[in-house]
Amino acid sequence: MKKFALVILSLFAISVGASAINLKEAYAALSNVPNINMRQPDANLPVIDELIINGQIAAAYNLDSTKIFETGTSVYTILNQIPMSYMINGGNNNQVAAFVYATPNESGTNDILVVVMSGYRGLAISIFGTATNETVAAIKSAPFEMEGSYLNLPAEVPNIGEFNISLSKGR
């Protein structure tokens with residue numbers, strides 16, 4: 001009986017490992033979820049230019065409740081395929097969510113994926129790029145606050161600037 005249980009457990013572990021995706025694959029999938037209406041291969045946003053190098057963004061804004069449910073469900077399905085060990089900060093309370101993932105890459109820096117969602121605001125944003133070890137360390141140690149539709153993740157990266165994910169309670 002023990003051997004049978006171990007075989008079943010091994011098969012389960014293999015199947016879970018086989019479904020894992022890397023951050024680049026996750027971003028590609030997130031860029032194609034329903035209702036994503038903005039895709040920018042080289043986004044020109046301050047957080048991307050200074051903290052997320054070669055940043056790309058895919059986003060949906062002002063979605064109604066039906067569309068944000070459809071988009072959010074698709075996003076969670078993709079995020080569930082990313083190994084939890086890649087997540088360096090974030091959280092979810094089913095009203096707002098922010099997830100930051102990072103993995104070392106061949107060039108000595110890190111691939112980084114940031115996903116922010118708000119049902120209240122009808123938004124889903126995914127950002128992918130490269131980050132320095134200092135940026136990853138600052139985000140990893142940053143405080144994370146979340147209550148209702150409020151979310152805040154501020155990180156100060158030495159010699160670079162501020163990385164801040166913030167959603168206020170109001171519109």
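## Two exposed asparagines with positive phi

Asparagine 54 is out in the open: its relative accessibility is 58%, and since anything over 50% counts as exposed, this residue qualifies. Asparagine 54 sits in strand S2, which covers residues 53-60. Its backbone has a quirk, with phi near 55°, a positive value in a residue other than glycine. Keep in mind that this is a predicted model.

Asparagine 159 has a positive phi as well, near 65°, and again the residue is not glycine. Look for asparagine 159 in the loop that joins strand S8 (150-157) to strand S9 (161-167). Its relative accessible area is 84%, so asparagine 159 is exposed too.

## A buried asparagine

Now for asparagine 89, which is part of strand S3 (residues 87-92). Is asparagine 89 buried or exposed? With a relative accessible area of 10%, it falls under the 20% cut-off and is therefore buried.

What does the side chain of asparagine 89 have within reach? One of its polar atoms lies 2.7 Å from the backbone oxygen of isoleucine 139. Setting aside residues up to four places away in sequence, asparagine 89 touches Ala98, Phe99, Val100, Ile139, Lys140, Ala142, Phe144 and Leu153.

## The nonpolar cores

The largest nonpolar core holds 27 residues. Val100, Val114, Ile139, Phe163 and Ile165 have the most contacts inside it. Two or more residues come from each of S2, strand S4 (96-104), strand S5 (110-118), strand S6 (123-131), helix H5 (133-141), S8 and S9. There is also a second, separate core of 23 residues, with Ala58, Ala60, Val75 and Ile82 among them. As a rule, nonpolar side chains in soluble globular proteins tend to be buried together.

Take valine 114 as a sample of the 27-residue core. Not counting neighbours within four places in sequence, valine 114 is in contact with Ile52, Phe99, Val100, Ile125, Ser126, Ile127, Phe163 and Ile165.

## How far to trust the model

The protein has a mean pLDDT of 85, and 82% of its residues reach 70 or more. Among its elements, S4 has the highest mean pLDDT (97), while helix H1 (residues 2-18) has the lowest (44).

Which stretch stays under 50? That would be residues 2-17, for which the model has 0 contacts beyond four places in sequence. Where pLDDT is low, the predicted coordinates should not be read in detail.

Definitions and conventions
Residues are numbered from 1 along each chain as its sequence is written. This is a predicted model: local features need pLDDT of at least 70, side-chain atom pairs count only at pLDDT 80 or more; totals for chains, interfaces and linings use all residues. Side-chain values use heavy atoms; hydrogens and water are left out. Helices (H or I, at least four residues) and strands (E, at least two) are DSSP runs, numbered from the N terminus. Buried means under 20% relative accessible area, exposed over 50%, partly exposed in between (1.4 Å probe, protein chains only). A nonpolar core is a set of buried Ala, Val, Leu, Ile, Met, Phe, Trp, Tyr and Cys residues joined through side-chain atoms within 4.5 Å. Contact means heavy atoms within 4.5 Å. pLDDT is the predictor's confidence in each residue, from 0 to 100. A polar contact is a pair of N or O atoms within 3.5 Å; within protein, one must be able to donate a hydrogen and the other to accept it, and residues adjacent in sequence count only if both atoms are side-chain atoms.
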